[in-house]
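Open the model in your viewer and keep the selection box handy. We will go from one stop to the next, with a short note on what to look for at each.

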Amino acid sequence: MADEDLSRRRFFNLVGWGSMLALFGGVGAATAKFFYPGVLYEPRSTFNAGKPEEYVAPSGNEKVVVDERWKKNQRVWILRNDKGMYGLVGVCTHLGCTPNWFPSEGLFKCPCHGSIFNVEGEPIGGPAPEPLYRPKISLAPDGSMIVTTGLLGIRRPNLQAVKKYADIYFHDDEKAYITKPPYFLPLKA
C-alpha cells in the first residue's frame, strides 16, 4: 500500500514539474520571438536593370517584347516597343498575386482569380479594379536603367503612376502621362 502511495505521489510530482517546465519553456520561446523583428523582407525598391541595348527590340509584326528577367526577384517586367521602354509591376491590382506572361496570347494572366491584362497593363478581364502599376525608369550616368517600384503592394504615389479616374482603363490624358518620363524611357532610333 505504501508503494502505491509513493508511486502516486511521484507521478503527480512528475506531472507538476513537467507542466511547470512546459509553461516556462513556452514563456521563454514567446519572449525570444518578441526580440526578433516581424519584418517581411522584400526586394529593394530601386534596382539597376542594365542597359537598354541588352533588351530585345520588337521585330516583324511584334509591337512589344516583354522581358521577364526581373519578374522573380523584383516582380517587374520590362517591356520594349518601337518607341522606348516601360515597366509593369507584377502585382495584380485585385489581391496582389503575380500574374504570368503568355507570349502566344500577348496577355498577362493572374493565376489566383483570373484577371487578364494587356501589354499596357490594362485589365481586360477578371476582377482587377485598375491597371498594373508602372514603375519609374530613368537612365543612370553610365547609361543603365534605374527602375524604382516603391514597396510592392503598397501604393506610393511619388514612385508609381497613379490613375486619376476610378476606371479600369487608361484615359487619354493618363496615357499621355504614362508614356512620358519617368514612366516611359524613350529610345533613340
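This tour of a predicted model visits a strand, the cores, the cysteines, a serine and the salt bridges.

**Stop 1: strand S2**

Select residues 64-67, which make up strand S2. Which residues lie on each side of S2? Val64 and Val66 are on one side, Val65 and Asp67 are on the other, and all four are buried, so both faces of the strand are covered. In a regular strand the side chains alternate between the two faces of the sheet.

Now add residues 76-81 to bring in strand S3. S2 and S3 run antiparallel and are joined by four bridges. To see how they line up, pick Val65 and look across to Arg80 in S3, which stands opposite.

**Stop 2: the nonpolar cores**

Stay with Val66 and add Trp77, Leu79, Tyr86, Leu88, Phe108 and Phe117 as sticks. These are the residues with the most contacts inside the largest nonpolar core, which has 15 residues. Strands S2, S3 and S4 are the elements that give two or more residues to this core.

Next, centre on Phe117. Leaving aside neighbours within four places in sequence, Phe117 is in contact with a list of residues that includes Cys92, Pro99, Phe108, Ile124, Ala128 and Leu132.

For a second, separate core, select Tyr55, Ile78, Met85 and Val147, which are among its ten residues.

**Stop 3: the cysteines**

Select Cys97 and Cys112. This pair forms a disulfide with the sulfur atoms 2.0 Å apart, and the structure holds one such link. A disulfide is a covalent bond between the sulfur atoms of two cysteines. If you check the torsion about the S-S bond, expect -100°, a left-handed link. Cys97 lies in the loop between S4 (84-89) and S5 (100-102), and Cys112 lies in the loop between S6 and S7, so the disulfide ties together parts that are 15 residues apart in sequence. With 19% relative accessibility Cys97 counts as buried, while Cys112, at 39%, is partly exposed.

Then move to Cys92 and Cys110. Why is there no bond between Cys92 and Cys110? The sulfur of Cys92 is 3.9 Å from that of Cys110, its closest cysteine sulfur, and this is too far for a bond; the cut-off for a disulfide is 2.5 Å. Cys92 is buried at 4% relative accessible area, and Cys110 is buried too, at 7%.

**Stop 4: Ser115**

Keep the two cysteines on screen and add Ser115, in the loop between S6 (107-109) and S7 (116-117). Is Ser115 buried or exposed? Its relative accessible area is 1%, which makes Ser115 buried. Set aside the neighbours within four places in sequence, and Ser115 is in contact with residues including Cys92, His94, Phe108, Cys110, Gly125 and Pro127. Draw a distance from the Ser115 side chain to the backbone nitrogen of Ala128: the value to look for is 3.1 Å.

**Stop 5: the salt bridges**

The count of salt bridges comes to four. Side chains of opposite charge can pair when their charged atoms come close.

- Select Lys109 and Glu105. Their side chains meet in a salt bridge at 2.5 Å, N to O. Lys109 is partly exposed at 25% relative accessibility, and so is Glu105, with 42%.
- Select Arg134 and Glu120. This salt bridge has its closest N and O atoms 2.9 Å apart. It links distant parts of the chain, 14 residues apart: Arg134 is in the loop between S8 (123-125) and S9 (136-139), and Glu120 is in the loop between S7 and S8. Arg134 counts as buried at 1% relative accessibility, whereas Glu120 is partly exposed at 30%.
- Select Glu54 and Arg69. Here the closest N and O atoms are 3.9 Å apart. This pair also links distant parts of the chain, with Glu54 in the loop between S1 (46-48) and S2, and Arg69 in the loop between S2 and helix H2 (71-74). Glu54 is partly exposed at 47%, as is Arg69 at 38%.

To finish, add Asp67 to that last selection. Glu54, Asp67 and Arg69 are linked in a network of salt bridges, and Asp67 takes you back to S2, where it is one of the buried residues.

Methods: Residues are numbered from 1 along each chain as its sequence is written. This is a predicted model: local features need pLDDT of at least 70, side-chain atom pairs count only at pLDDT 80 or more; totals for chains, interfaces and linings use all residues. Side-chain values use heavy atoms; hydrogens and water are left out. Buried means under 20% relative accessible area, exposed over 50%, partly exposed in between (1.4 Å probe, protein chains only). A polar contact is a pair of N or O atoms within 3.5 Å; within protein, one must be able to donate a hydrogen and the other to accept it, and residues adjacent in sequence count only if both atoms are side-chain atoms. Contact means heavy atoms within 4.5 Å. Two strands pair if DSSP finds at least two bridges between them. A nonpolar core is a set of buried Ala, Val, Leu, Ile, Met, Phe, Trp, Tyr and Cys residues joined through side-chain atoms within 4.5 Å.
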